[in-house]
Amino acid sequence: MTDWTDPDTFAQALEQVETKEKGNCFEDFEEGDVIEHDPGLTLTQFGNEGWMSQTLNHDPAYWRADAAEERGFDEPPVHPDYLTAATLGITVEDLSEKGGYFLGRTDVRFPTSPVYTGTELHVESEVVNCATSSSRPEYGIVSWRTRGKDAETGDVLCSYERTNMIPRREPVATDGSGAAAAEDDEDGPELPEEFVAPEGGYFEDFVEALEAADDENAAVAYRHERGRTQDDVTVASLPLATLNTAKQHHNVDVMSDSPSGSIVTYGDVTRSTALGHARSDEETWREVGFDDESFHTFVAVGDTVYAFTRVIEADDDASSDEAGTVTFEHIAFNQDDEPVYSGTRTAEIRKRSN
């Protein structure tokens with residue numbers, strides 16, 4: 001009788017059997033396709049608080065009933081970062097489990113606000129573009145428009161467009177030239193002569209800082225003191241809790257031969273950690289949306305995520321008289337001062353005068 005657990009026998013069996021693959025290749029996507037992602041996910045208090053605590057998002061309105069009521073919520077709602085990560089996580093098995101670089105995301109919006117724990121999240125994605133990569137013939141580039149909906153009401157809770165490189169079954173022939181190389185800038189970057197930091201975190205503080213910078217060759221930009229070193233919880237546990245099955249986040253064996261050499265942090269963990277650092281220095285009232293999000297290099301266990309903020313503009317108009325609207329550019333960077341994430345964020349910031 002064959003002993004299947006004999007090491008030599010088992011090694012031969014592994015070489016001969018078929019691997020039941022997961023995920024889709026570039027050729028499986030066609031513009032206009034709509035993909036219903038299964039399973040869904042119920043947004044829980046445990047998941048919400050786990051995400052917020054590990055990414056240092058400590059806004060009391062998402063933790064305490066009294067602070068939530070003051071902000072106009074019936075109860076502590078689901079944090080938008082957890083909602084965004086859960087929406088994307090559910091899509092991974094169908095869209096990007098095969099691997100490939102997360103090139104970016106834009107037009108992140110929350111049409112229905114607020115969202116409370118206990119909501120069952122149903123997610124669908126539409127293929128909006130498929131393109132050839134001239135620099136990497138083994139990959140194609142796919143963009144999807146993803147919508148996370150309340151399964152009971154059909155209301156859209158979170159939506160965005162994201163773009164990934166996706167492996168092809170067969171590489172295509174290209175000239176391999178890729179994008180044209182940028183010309184060397186012999187003069188170096190053109191940075192302002194001065195950087196202005198707001199005195200506090202209220203809307204008026206941002207307005208005053210922008211006015212001060214406008215009178216000089218200056219920009220409103222500053223770094224945040226906190227850092228968060230990536231560990232097994234942030235790298236593996238948080239993405240798995242959102243049903244993100246990408247091997248990049250939990251399969252050390254497979255990733256040992258990858259460019260990163262090991263498992264890497266889910267982009268939404270990196271992003272949320274940096275945003276948590278930024279929010280700790282401001283009086284956030286509501287999140288409005290995000291645009292032009294990019295992920296620049298790998299973040300792995302042992303790397304530390306810091307944050308830098310540039311204030312772009314401030315507008316008195318907002319959904320409440322209690323707040324004004326501020327647009328930021330946030331850049332997450334690591335312990336070597338290398339940018340790892342960047343994006344534009346629009347948020348309503350509490351006013352001091354009310």
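**Exercise 1. Decide whether Tyr101 is buried, partly exposed or exposed, and describe its ring pair.**

Step 1. Tyr101 has a relative accessibility of 27% and therefore counts as partly exposed, where buried means under 20% relative accessible area, exposed means over 50%, and partly exposed lies in between, with a 1.4 Å probe and protein chains only. This is a predicted model, in which local features need pLDDT of at least 70 and side-chain atom pairs count only at pLDDT 80 or more, while totals for chains, interfaces and linings use all residues. Residues are numbered from 1 along each chain as its sequence is written, and side-chain values use heavy atoms, with hydrogens and water left out.

Step 2. A pair of aromatic rings is described by the distance of the centres and the angle of the planes. Rings of Phe, Tyr and Trp (its six-membered ring) pair if their centres lie within 6.5 Å, and planes under 30 degrees apart count as stacked, over 60 as edge-to-face and the rest as tilted. The structure holds ten such aromatic pairs. One of them joins Tyr101 and Tyr139, with 6.3 Å centre to centre and 45° between the planes, and is tilted.

Step 3. This pair links distant parts of the chain, since Tyr101 stands in the loop between helix H4 (80-95) and strand S2 (102-109), whereas Tyr139 belongs to strand S4 (residues 139-150), 38 residues apart. Helices (H or I, at least four residues) and strands (E, at least two) are DSSP runs, numbered from the N terminus. Tyr139 has 17% relative accessibility and so counts as buried.

**Exercise 2. Classify the aromatic pair of Phe110 and Phe290, and say which parts of the chain the pair ties together.**

Step 1. The centres of Phe110 and Phe290 are 6.4 Å apart and the angle between the planes is 90°, which makes the pair edge-to-face.

Step 2. Because Phe110 lies in the loop between S2 and strand S3 (120-132) and Phe290 in strand S8 (residues 284-295), the pair ties together parts that are 180 residues apart in sequence.

Step 3. Phe110 and Phe290 are both buried.

**Exercise 3. Describe the salt bridges of Glu293 and of Arg145, and find the network to which Glu293 belongs.**

Step 1. A salt bridge is a side-chain nitrogen of Lys or Arg within 4 Å of a carboxyl oxygen of Asp or Glu, and a search of the whole structure finds 24 of them.

Step 2. In the salt bridge between Glu293 and Arg105, the closest N and O atoms are 2.8 Å apart. The partners come from distant parts of the chain, Glu293 from strand S8 and Arg105 from strand S2, 188 residues apart, and both are buried.

Step 3. Arg145 and Asp107 form a salt bridge whose closest N and O atoms are 3.0 Å apart. Since Arg145 lies in strand S4 and Asp107 in strand S2, this pair ties together parts that are 38 residues apart in sequence. Arg145, at 17% relative accessibility, counts as buried, whereas Asp107 is partly exposed, with a relative accessible area of 28%.

Step 4. The side chains of Arg228 and Asp231 also meet in a salt bridge, at 3.1 Å from N to O. Arg228 is buried, with a relative accessible area of 12%, while Asp231 is partly exposed at 28%.

Step 5. Salt bridges that share partners join Asp81, Arg105, Asp268, Arg271, Arg279, Glu282, Glu287, Glu293 and Arg345 into one network.
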